[in-house]
Protein chains: 2
Amino acid sequence: MSFPDRVSSERIWARYWIETAWPVDVAAAVLAGEQSAGTFVRVAGETDELRAAHGAVVENIALLDTVGTPSLPCAGTPKGVTSWQRAHVEISWPLANMGTSLANLLATVAGNLFELKQFSGLRLLDVALPPAFLDRYQGPQFGVAGTRRLTGVDHRPLVGTIIKPSVGLTPQATADAVDKLAEGGIDFIKDDELQADGPHCPIAERTREVMQVINKHADRTGRKVMFAFNITGEIDEMLQRHDAVEAAGGTCVMVSLHSIGLPALAALRRHTRLAIHGHRNGWGLYSRSPFIGISYIAWQKFYRLAGVDHLHVNGLANKFCEPDESVIASARECAKPMFDVPGRGCEVMPVFASGQTVRQAPDTFAALGSTDLIFAAGGGIMAHPGGIAAGVRAIQQAWEAALTGTPLDAYAAQRHELREALGAFA
Amino acid sequence: MSFPDRVSSERIWARYWIETAWPVDVAAAVLAGEQSAGTFVRVAGETDELRAAHGAVVENIALLDTVGTPSLPCAGTPKGVTSWQRAHVEISWPLANMGTSLANLLATVAGNLFELKQFSGLRLLDVALPPAFLDRYQGPQFGVAGTRRLTGVDHRPLVGTIIKPSVGLTPQATADAVDKLAEGGIDFIKDDELQADGPHCPIAERTREVMQVINKHADRTGRKVMFAFNITGEIDEMLQRHDAVEAAGGTCVMVSLHSIGLPALAALRRHTRLAIHGHRNGWGLYSRSPFIGISYIAWQKFYRLAGVDHLHVNGLANKFCEPDESVIASARECAKPMFDVPGRGCEVMPVFASGQTVRQAPDTFAALGSTDLIFAAGGGIMAHPGGIAAGVRAIQQAWEAALTGTPLDAYAAQRHELREALGAFA
């Protein structure tokens, strides 16, 4: 749950990692002042009553290590400083300052503070929100249970893939790939986030062609493959594309969260009758530096509340630079209720993706201890030497092995698709 | 203008600063591949024709320095590497890949690439866009000329302020401050970005009270003070608040750009009949680390095209950590056409703010060489010992001194407001 034991219905909390050349209590007070009633000098009208009612409060300070050089360059450091103190600080604001608005909350807890010269490092680690936000935002509509219901998959991860090449296929070529994937028994397919609405693959035509194939297989199997169409675009475009996906029988739309922003996501959520697949591309901007940014723990709460159903968390041994323990921590976070309100915890389904093959299945299950996830392999399915259907089977077999505690090599002895995948993805 | 000499109507370009443990051409090729047709293995369907039509192209590589340790931690660095090469690389994409969509453009040039393990540092430095984007986006409606027209201010900067305390005043108290500011001759006033729609200061009531005062002074002076109401919120809220501001006779609305995102800004631009004041709070996330992020040069092009009229650039000797030369470079960039199309360069008005007082006026004019700016002092006006009107007069006098090349102290000899300000803001 939320980090302050004394979570209140009247205040929002934020926790930061900071590094400062100033005394920590001074730096924390500057942050609290700048982000609430204060400015760099006390002004007329800034009464004690106003500060009591609207000032942010430094709730906790926990000192960490010190360093001898500042982690980020800063034009405003006082002369002669030789030690920079790191600390965790917790700050609270009256909810009345910004109301239950995610956009204004973001400007408060992740606004101008990153630039303050008091900080040679500052990361937003977590936020805790009063349940009043649930009166304004809807949270996920489908989440884990709804996604399982829409896809008919129980007691195991959804096996998924990303259409590759990422961009360049025609609608018909996309539908042909979907045909082979559905034939192979895939549960979930997504557009690459680079595939949008270019003239070679208009989303209207892609939607029609792909859903025709998916509906055909659903008639045959009784289970409908979930295809996350990338509807990222202007707001009216997204709503209209959503409607087209729904009209064609689709069950999911995808958006690039950093590209569309919170108000557009909330508008889509109010409109949607389909699951919303949240892609976090651009996330490296917030996560790559240890000294500036926003933690996944804080970041995902904004998007969950705004209504996303699935959130990307990267994958083990991925093609990016994120360590495995960070990936697992992110996935666990998606499953934690962010409000202590029964049925309104806003839990979402984590999506493992990025360079995933059969090899990551056992470790992913061992580390997460849950099957509530989408395991998406792009090249790890599409580049299987036996073709797309064999690629799907191999991933399924890898998860069967993981769930029964059987080593991959042993399980592959009688299963040629898994065996070929182990050979291809060494 | 845009950086490639051979800017094309068919391709978009991006320039990056990178640091890599890999050969630079390999790392650049990975970036180009990942952000276009490729994935980590070659897949079926990824034909030579498809790659030729849709692959991103590494256009230029310019080697810079090398360093002996990676600037950002990265789980995927090869063992034994002892040198990390820095370089500028330019990459181009076919416009057809993402079409003229800012949201999808962002996912392409600033998407998953920040996380690639090939990079221990990566910053997006600039983008160059074909003029076809102007068919879809409207750019600024007012810009410099329109803002001067709306405020009746020529041949000098707009003198502005930010209502302080940032948050906590009632609508009536806000209007009282506006009354004094208008009495003092202010040109421009803005809500603080923390002032939203809390119960103590609902924006509907704030709009009514403030505009009543501003209209009264406009009747008296024939010039209307521009007040940028912070309408940041959900999309329907923003449009409705815009309409209320317009109905009350207002001329400007303000949004926190990172809080609302590009599609919401474009939706507001399609709707607006008022100037849009763009606040960049949260900008430190992109700018503070030298090793990860987006330059202001690249960042502001997205928001200019989407329709903002004013953009914050910080101020000289500011309360943040940004050096002066970076502030001036940002302001200059706002005035550069981003398209070589007459009348459609999307130039916007830079807003100098953050700890500004009379003292920064001469240096700002000397460095920028232009009066096309809003000079906004919050505490620097509100905390003037002679009161708000004296604070406004002092800033005006400081700019008179700057424009006539007179030292502040000399100009202050006969002007007590400036003299008192120089004493108060040492």
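How many residue pairs are in polar contact across the interface of chain B and chain A? Let's find out together, keeping in mind that this is a predicted model.

**Stop 1: where the two chains meet**

Color chain A and chain B differently and look at the place where they touch. The answer to our opening question is 26 residue pairs in polar contact, with both partners at pLDDT 80 or more. Now select helix α11 of chain B, residues 262-271. With six residues, helix α11 gives the largest share of the side of chain B that touches chain A. Sorted by class, that side of chain B has 44 nonpolar, 36 polar and 17 charged residues.

Next, show the contact residues on both sides. You will find 97 residues of chain B in contact with 97 residues of chain A. The size of an interface is often given as the accessible area lost when the parts come together. Here, the area buried between chain B and chain A is about 7,600 Å², and carbon and sulfur atoms give 58% of that area. Select B:E115, B:L285 and B:R288: in chain B, these residues lose the most area to chain A. Together they account for 11% of what that side buries.

**Stop 2: salt bridges between the chains**

Stay at the interface, where six salt bridges cross between chain B and chain A. Pick B:E115 again and show A:R280 beside it. These two residues form a salt bridge, and their closest N and O atoms are 3.8 Å apart.

Now move to A:E237 and B:R136, whose side chains meet in a salt bridge at 2.3 Å, N to O. Why does this pair join two chains? A:E237 lies in helix α8 (residues 235-247) of chain A and B:R136 in helix α5 (residues 133-136) of chain B, so the bridge runs from one chain to the other. A:E237 is buried because its relative accessible area is 17%, under the 20% cut-off. B:R136, with a relative accessible area of 28%, is partly exposed.

For a group of charged side chains, select A:R136, B:D197, B:E237 and B:R241. Salt bridges that share partners join these four residues into one network.

**Stop 3: salt bridges inside chain A**

Over all chains, the count comes to 40 salt bridges. One of them is between A:R15 and A:E90, at 3.1 Å from N to O. This pair links distant parts of the chain, 75 residues apart: A:R15 is in strand β1 (residues 11-20) of chain A and A:E90 is in strand β3 (residues 84-94) of chain A. A:R15 counts as partly exposed, at 24% relative accessibility, whereas A:E90, at 12%, counts as buried.

Then select A:E46 and A:R51. Their salt bridge brings the closest N and O atoms to 2.2 Å apart. Are these two residues buried or partly exposed? A:E46 is buried, with a relative accessible area of 5%, while A:R51 is partly exposed, at 37%.

**Stop 4: a helix with a buried face**

Finish in chain B with helix α15, residues 361-368. Highlight B:A361, B:T364 and B:L368, the buried residues of this helix. Turn your view to look down the axis of α15(B): the buried residues fall within an arc of 65°, so they line one face of the helix. Show the neighbors too, since this is where the buried residues pack against α14 (324-334), β12 (349-352), β13 (374-376) and α17 (388-404) of chain B. Your last click is B:G369, just after α15(B), which takes a positive phi of about 65°.

Conventions
Residues numbered from 1 in each chain as written. Chains lettered and ligands numbered in written order. Predicted model: local features only at pLDDT ≥ 70, side-chain atom pairs only at ≥ 80, totals over all residues. Heavy atoms only, no water. Contact = heavy atoms within 4.5 Å. Buried area = accessible area lost by both parts, 1.4 Å probe. Polar contact = N/O pair within 3.5 Å; in protein donor to acceptor, adjacent residues only side chain to side chain. Helix = DSSP H or I, 4+ residues; strand = E, 2+ residues; numbered from the N terminus. Nonpolar A, V, L, I, M, F, W, Y, C, P; charged D, E, K, R; others polar. Buried < 20%, exposed > 50% of the residue type's maximum accessible area, 1.4 Å probe, protein only. Arc of directions from axis to C-beta.
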